[in-house]
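Subject: Structure for your review

Dear colleague,

Please find below the structure that I am handing over to you. My notes on it follow.

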Amino acid sequence: MDQDGPYAKQSLPIQMNILKTLNTIAQCSQPSSGVTRLPFTKEHKQANKIITQWMKEAGMQVHLDAAGTLMGTYKSSNKNAKTLILGSHQDSVINAGRFDGIMGVLLPILAVKKLHQKKIKLPFHIECVAFADEEGVRFPTALMGPQVLAGTFQMKDIKMKDSQGISIQQALNSFGGNHRKLTQLKRSKKSIIGFVETHIEQGPVLEKHKLPVGVVTGISGITRYTCTIKGKASHAGTTPMNLRQDALAGAAEIIHVLEKKARTTKNIIITVGSIQNTPNAVNVISGEVTISVESRSLDNKKRVSIQKEIASIVKKICRARNLFCQFKKTYDQKAVLCDKHLTDALSKSVKDLNYPLRKIPSGATHDASAMSDLCPIAMLFVQSKDGLSHNPKEFSKEADMQVAVQVLENLITNLKV
Ligand SMILES: [Zn+2]
């Protein structure tokens, strides 16, 4: 058992070994050094069998919906009660860790199991969900499960194919889903209290502050551009330094200045993560470079306004170096703020367990982003070792996950609706 951190002494009664359970389901994977579990595959089927067992042990009725989402329902005695949805995704990236997604499926089920064991009945229904496809690795789209519930799924996407030429429609239907019934899954906003997603932090903040869990303030918006910088490819030996139009040197300056800009601007992060250099040869001055420029922020206005500043920085550097630049927007996603009522309730549950409350934004997208089109959302982060994720070394401590289960149990028990 891991016992570091100043709060470990308050560790809760260990009723179940969460790590062991996650290790078991991690076996539902394609052969790889980490976990590789893609939607609508035999590994997904194996995982759903195990999750079904977890849900049944927690007193839930289980079914697979037409979009391939596995759902467990813990019914209120009040038939007309509203529903609180908890969960995350079962799928992984290639060579993933054992926690991203699946931990957020397991922990709320364990919280409900505790209520079930205590024979507690609730004034609202609970649905625990394991969404099929959040990572978007197999098909060129993602988040179908929550989008279908919210009524935002684009039916034309059902024709999208994986690298083997299998469409989502084919994969879904042979898995036990039914593309013809997708539109019937749309929920009425009035019937849902909210969606609470638990997720490994995938960042270093909670570990730095030695906290088991943190409450998420919102999910950052993202804007991505590709920026092509055009210069002149010429001989590296014969072109004097002052007569060059070196696209790569220009890109290097742009990357450096954008990093400085983000370091000195509040609430925005900017990343140049991809670069293609042409002709990319040791003795040729670079003629053309394409970089990606991504900005993320919880503040939608700031994310929009920083685009103008980025463009003016790039243009200024290109002018000074006799280069040309072209921008193309490739992705745009609005930020989503977590709901105040649900977040306050989650925060109270953390504080009631005598842990300091840390509120953090999520830089990554989650199922909760798509669920926000249907209902209020809230998120609980669990500390991740070295902030590592999408990596076989991804790790959360048993004691921290136990705390998260306790927080969820308190949230469900005390939630006023
Ligand atoms: Zn995830």
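The crossing of helix 1 and helix 3 is right-handed. Please bear in mind throughout that this is a predicted model. The two helices, helix 1 (residues 18-26) and helix 3 (residues 102-117), pack at an angle of about 135°, and their axes are 11 Å apart. Since angles over 145 degrees would count as roughly antiparallel, helix 1 is therefore oblique to helix 3. On the side of helix 1, the contact is made by Ile18, Thr21, Leu22 and Ile25. Helix 3 contributes Ile102, Met103, Leu106, Leu107 and Leu110. By class, the residues of this contact between helix 1 and helix 3 are eight nonpolar, one polar and no charged.

Helix 3 also packs against helix 11 (residues 398-414), where the axes come within 8 Å and cross at roughly 55°. Helix 3 is thus oblique to helix 11 as well, and this crossing, too, is right-handed. From helix 3, the contact involves Met103, Leu107, Pro108, Leu110, Ala111, Val112, Lys114 and Leu115. From helix 11, the participants are Met401, Ala404, Val405, Gln406, Leu408, Glu409, Ile412 and Thr413. Twelve of the residues in the contact of helix 3 with helix 11 are nonpolar, two are polar and two are charged.

Turning to the interior, which residues touch the most other members of the largest nonpolar core? They are Ile51, Leu107 and Ile412, in a core of 55 residues. Helix 3 supplies the largest share of this core, with ten residues. Leu107 itself is in contact with Ile18, Thr198, Val382, Met401, Ala404, Val405 and Leu408, leaving aside neighbours within four places in sequence. Another core, of 22 residues, lies apart from the largest one and includes Cys338, Met371, Met379 and Phe381.

Thr413, a residue of helix 11, has a relative accessible area of 38% and is partly exposed. Its C-alpha atom is separated by 9.5 Å from that of Pro123, although the two residues are 290 residues apart along the chain.

Two residues in strands may also interest you. Is Glu127 buried or exposed? Glu127, which is placed in strand 4 (residues 125-131), has a relative accessible area of 9%; because buried means under 20%, Glu127 is buried. Not counting neighbours within four places in sequence, Glu127 is in contact with Met71, Gly72, Thr73, Thr83, Leu84, Ile85, Leu86 and Arg187. Glu127 and Met55 are 72 residues apart in sequence, with a C-alpha to C-alpha separation of 10.0 Å.

The second of these residues is Val336, in strand 12 (residues 336-337). Val336 counts as buried, at 15% relative accessibility. Beyond residues up to four places away in sequence, Val336 touches Gly218, Ile219, Leu298, Ser369, Ser372 and Ile377. Between Val336 and Leu64, which are 272 residues apart in sequence, the C-alpha to C-alpha distance is 28 Å.

Finally, some points on the backbone. The peptide bond from Thr278 to Pro279 is cis, and its omega is near 5°. Pro279 belongs to the loop between strand 9 (275-278) and strand 10 (288-297).

Asn95 is not a glycine, yet has a positive phi of about 55°. Asn95 is located in the loop between strand 3 (83-89) and helix 3, and with a relative accessible area of 27% Asn95 is partly exposed. Asn354 likewise has a positive phi, of about 70°, although it is not a glycine. Asn354 sits in the loop between helix 9 (340-352) and strand 13 (359-362). With a relative accessible area of 56%, Asn354 is exposed, because exposed means over 50%.

Yours sincerely

Technical notes: Residues numbered from 1 in each chain as written. Predicted model: local features only at pLDDT ≥ 70, side-chain atom pairs only at ≥ 80, totals over all residues. Heavy atoms only, no water. Axes fitted to C-alpha atoms, helices over the stretch in contact; angles between N-to-C directions. Helix = DSSP H or I, 4+ residues; strand = E, 2+ residues; numbered from the N terminus. Parallel < 35°, antiparallel > 145°, perpendicular 65-115°, else oblique. Left-handed = near helix turned anticlockwise from the far one by under 90°. Contact = heavy atoms within 4.5 Å. Nonpolar A, V, L, I, M, F, W, Y, C, P; charged D, E, K, R; others polar. Core = buried A, V, L, I, M, F, W, Y, C linked by side-chain atoms within 4.5 Å. Buried < 20%, exposed > 50% of the residue type's maximum accessible area, 1.4 Å probe, protein only.
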